[in-house]
Amino acid sequence: MNFPLTFMGLGVLCLAVLVVAGCLGTGSQTPSGLTNEPQKTPAVGEHVTIDESQNGATVYVNRTSDIMLKLNENPTTGYRWNLTATPGLVIVNDTFDPSNTTGKLVGSGGTRLWEMNAAGTGTQTINAVYMRSWEPVTGNETTFAMTVIVQ
């Protein structure tokens with residue numbers, strides 16, 4: 001009857017040794033292969049599509065890449081995106097794509113689409129504020145921001 005208790009005690013002792021060894025470690029808090037850098041969204045191909053889910057992200061693109069930014073918008077309420085980009089990103093098209101094309105849904109929104117070309121290398125930024133143009137900026141507006149690294 002003494003054997004099962006001793007066997008259990010040995011198992012607890014082994015578990016305690018593993019826990020202590022794991023806590024002592026080598027001093028590095030970053031697992032092998034990972035970095036403490038911000039998450040990066042690599043560019044795929046020459047055409048990169050960005051939407052609201054990438055707000056605050058950093059995207060890497062080639063200098064020859066075309067960038068499509070899509071943000072939900074409802075201009076019938078007076079709210080529109082006011083977008084700015086640094087000179088290394090050239091806006092070549094700015095259009096609105098309504099979600100309802102029948103004309104029967106008054107007040108329906110859609111998607112604002114910007115097509116941009118990377119014109120210069122280095123760190124570029126895209127910033128947008130969703131607001132009514134006739135109202136003063138209060139600081140409570142919905143915003144979109146993104147860093148674009150052009151390689």
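## Notes on the sheets, ring pairs and charged residues

1. A good place to start is the open sheet of four strands, whose order is 2-4-7-6 and whose pairing is mixed. Strand 2 (47–51) and strand 6 stand at its edges with a single partner strand each, so one side of each has no neighbour in the sheet. On average, neighbouring strands here are turned by 20 degrees against each other, direction ignored; the axes behind such angles are lines fitted to C-alpha atoms, for helices over the stretch in contact, and angles run from 0 to 180 degrees between N-to-C directions. Strands are DSSP runs of E with at least two residues, and helices are runs of H or I with at least four, numbered from the N terminus. Two strands count as paired if DSSP finds at least two bridges between them.

2. Before going on, please keep in mind that this is a predicted model, where local features need pLDDT of at least 70 and side-chain atom pairs count only at pLDDT 80 or more, while totals for chains, interfaces and linings use all residues. Residues are numbered from 1 along each chain as its sequence is written, and side-chain values use heavy atoms, with hydrogens and water left out.

3. Now look at strand 7 (residues 110–118) in that sheet. Strand 7 pairs with strand 4 (residues 66–73) in the antiparallel sense over eight bridges, and Thr 111 is the bridge partner of Asn 72. Strand 7 also runs antiparallel to strand 6 (residues 89–98), to which nine bridges join it. There, Val 90 has Asn 117 as its bridge partner. As background, strands of a sheet pair through backbone hydrogen bonds, either parallel or antiparallel.

4. Which residues are linked to Arg 112 in a network of salt bridges? They are Glu 73 and Asp 94. A salt bridge here is a side-chain nitrogen of Lys or Arg within 4 Å of a carboxyl oxygen of Asp or Glu. Between Arg 112 and Glu 73, the closest N and O atoms are 2.7 Å apart. This pair links distant parts of the chain, with Arg 112 in strand 7 and Glu 73 in strand 4, 39 residues apart. For Arg 112 and Asp 94, the closest N and O atoms are 3.2 Å apart. Here too distant parts of the chain are linked, since Asp 94 sits in strand 6, 18 residues from Arg 112.

5. How do these three residues sit with respect to the surface? Buried means under 20% relative accessible area, exposed means over 50%, and partly exposed is in between (1.4 Å probe, protein chains only). Arg 112 is buried because its relative accessible area is 6%, and Glu 73 is buried at 2%. Asp 94 is partly exposed, with 41% relative accessibility.

6. The count of salt bridges comes to three, and one of them joins Glu 135 and Arg 132 (3.4 Å, N to O). Glu 135 is partly exposed at 32%, and Arg 132 is also partly exposed, at 22%.

7. Glu 141 deserves a look of its own. Glu 141 lies in the loop between strand 8 and strand 9 (142–150). Is Glu 141 buried or exposed? Glu 141 is buried and has no salt bridge, and the nearest side chain of opposite charge, Arg 132, is 10 Å away. Lys and Arg count as positive, and Asp and Glu as negative; His and the chain ends are not counted. The side chain of Glu 141 does reach the backbone nitrogen of Thr 138 at 2.7 Å. The backbone nitrogen of Gly 139 lies 2.9 Å from a polar atom of the same side chain of Glu 141.

8. Strand 8 has pairings of its own. Strand 8 pairs antiparallel with strand 5 over seven bridges, and antiparallel with strand 9 over nine bridges. Gln 124 stands opposite Val 148 in strand 9.

9. Finally, the aromatic rings. The whole structure holds two aromatic pairs. Rings of Phe, Tyr and Trp (its six-membered ring) pair if their centres lie within 6.5 Å; planes under 30 degrees apart count as stacked, over 60 as edge-to-face and the rest as tilted. Trp 81 and Tyr 130 have ring centres 5.0 Å apart and planes at 40 degrees, so this pair is tilted. Trp 81 is in strand 5 (residues 79–85) and Tyr 130 in strand 8 (residues 122–132), 49 residues apart. Trp 81 and Tyr 130 are also bridge partners. Both are buried, Trp 81 at 10% and Tyr 130 at 18%. Ring pairs link Tyr 79, Trp 81 and Tyr 130 into a cluster.

Definitions and conventions
Polar contact = N/O pair within 3.5 Å; in protein donor to acceptor, adjacent residues only side chain to side chain.
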